[in-house]
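I opened the notebook for a quick tour of this structure. My plan was to start with the whole and then zoom in.

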Amino acid sequence: MNLNVLKAIFKRDFVSYFSSPTGYVFICVFVVLSALATFWPPEFFGSNLANLDQLSRWLPFIMLVFIPAITMSISEERRQGTDELLLTVPASDFDVVLGKYLAGVAIFTVSLMFSAFSIFLVFKWGLGDPDGGLFISTYLGYWFIGFAMIAIGMVASFLTENLTVGFILGTLFNLPLALAGVADWFVKDPAMAQVVRRWSALEQFRDFERGVLSLGGATYFVMIAVVMIYLSMILIGRRHWQARKNGGSLLGHYAVRTVALLCLAVGITEIVQSRNSLRADISSEQLSSLSSDTLNILRDLRNDSDSKNIKIDAYVSAQVPSEYTTTKLNFLSTLTELQALSGGKVQVTKHEIENHGAEAVLAETTYGITPREVLITKGRERSQEEFFLAAAITSGLGKVVIPFLDKGVPVEYELVRSIATVAQEKTYKVGIVDTGLPFLNPSSNRSQEWPLITELRKQYDIDDRPVDPSQPIKDTYDVLLVVQPSML
């Protein structure tokens, strides 16, 4: 690697972008679009949270316009013939490609800093005190998305000499990365949509959005950049070998090498993400951190080779009332951390579900999960709203269903207790001693039984027949529960 040449190419491309009004126009457009995506959607004020959730949803699509504007200059160089000068300097193809790539990343970084500065000022002066750690990690995630998209855009620009075509190809090549995040729009099969969505930029960015610096998410974007930079090196060097008699065989050779590198990148990403224990929660409130007891339980699961895998199906409505926004975010964040820190023992499937539809019918028939009707107060008005906020935890024949996570419910405790219940080899049987208190409803209507019994049913096998202490106890119980009346 010739550092002098790399530095010269970097400086030339970086300065040239800001030497014309076009570069400043694109930066202003990017900042304006980012601000509109953040503050314009009504969900921003409806959720009552000063975060970047709305911008995160739309940023990959904003990138489809902005990233090709950075990388299309390569097509213009080829049209004007100025790229010939680069190929005559004493430098390798890698030096040329890396210099141009780093210049593109630097230009994008400057634009991102302008966007971050303007939005942070609005948060700070107009909306209170934002979470600095969450803000930094989210923008770092945006930087990684641009890190990958710029490499893809460079491949598009090396394919053509036309500026407009280079822009269009850059948009089209990056489009799958953005569209995969909304796979349910065009993929009817929920399971297939989940697989496609998992490999989208938006899904891989989720950890950063929650304030967690994750090695798994960073690896995904870095591997995309590595493969695309190598492909750019092949394209810039094709004039060296296309004129040869064996140019066709070399094309096949490079194609095989690219596919092999792509498979290696996918494998590395899969391995790192399956063992994604290198993560740091930098949010000021430690929003995504699990308790030490939970970490001990997950550690026991990882170390127990005989333990079965645990599957969690989470059913969440796309839109929930503002009163339940925090509960929803906490629920989804806890699920992600449980899966990431379990060493593959806990597999989570998140279903963004409508109140009526195929998935809603499947949730009801499989687990008995239905949308919960909740009384919502908005000012002086009250209304009934239905939405999903539930989970089903299964392992082998064991199953625990959390029908609804209400406000104030300790989400982490409910999930970890359910995991421990389905993971245990034996379900303990509990008998309720009859002391005159109507703990067990004789009509078998469990909706009217005492909350204490309802909670115990989630973890233990409760005998519906009260135990008579005046008679010999013939049944076998692991625990007898004796609740004494105040007169005793």
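**Surface.** I began with the exposed area, on what is a predicted model. The protein exposes about 25300 Å², and carbon and sulfur atoms supply 61% of that area.

**Burial.** Next I asked what share of the 488 residues is buried. The buried residues come to 45%.

**Secondary structure.** I then looked up the elements and found 20 helices and 11 strands in the protein.

**Contacts.** I took the contacts with a separation of 6 or more and checked how far apart in sequence the partners sit. Residues 24 or more positions apart account for 73% of these contacts.

**A serine up close.** I picked S111, which lies in helix α7, residues 93–126. Is S111 buried or exposed? S111 has a relative accessible area of 0%, so it counts as buried, the cut-off being under 20%. Which residues does S111 touch, leaving out those up to four places away in sequence? I found I27, F30, V31 and F66.

**Cysteines.** My last stop was the disulfides. A disulfide is a covalent bond between the sulfur atoms of two cysteines. With the rule that two cysteine sulfur atoms must be within 2.5 Å, the count comes to 0 disulfides. I also looked at how accessible two of the cysteines are. C28 has a relative accessible area of 48%, so it is partly exposed, because exposed means over 50%. C263 is at 52% relative accessibility and therefore counts as exposed.

How values were computed. Residues numbered from 1 in each chain as written. Predicted model: local features only at pLDDT ≥ 70, side-chain atom pairs only at ≥ 80, totals over all residues. Heavy atoms only, no water. Helix = DSSP H or I, 4+ residues; strand = E, 2+ residues; numbered from the N terminus. Buried < 20%, exposed > 50% of the residue type's maximum accessible area, 1.4 Å probe, protein only. Contact = heavy atoms within 4.5 Å. Areas by Shrake-Rupley, 256 points an atom, 1.4 Å probe, with all protein chains shown as cover.
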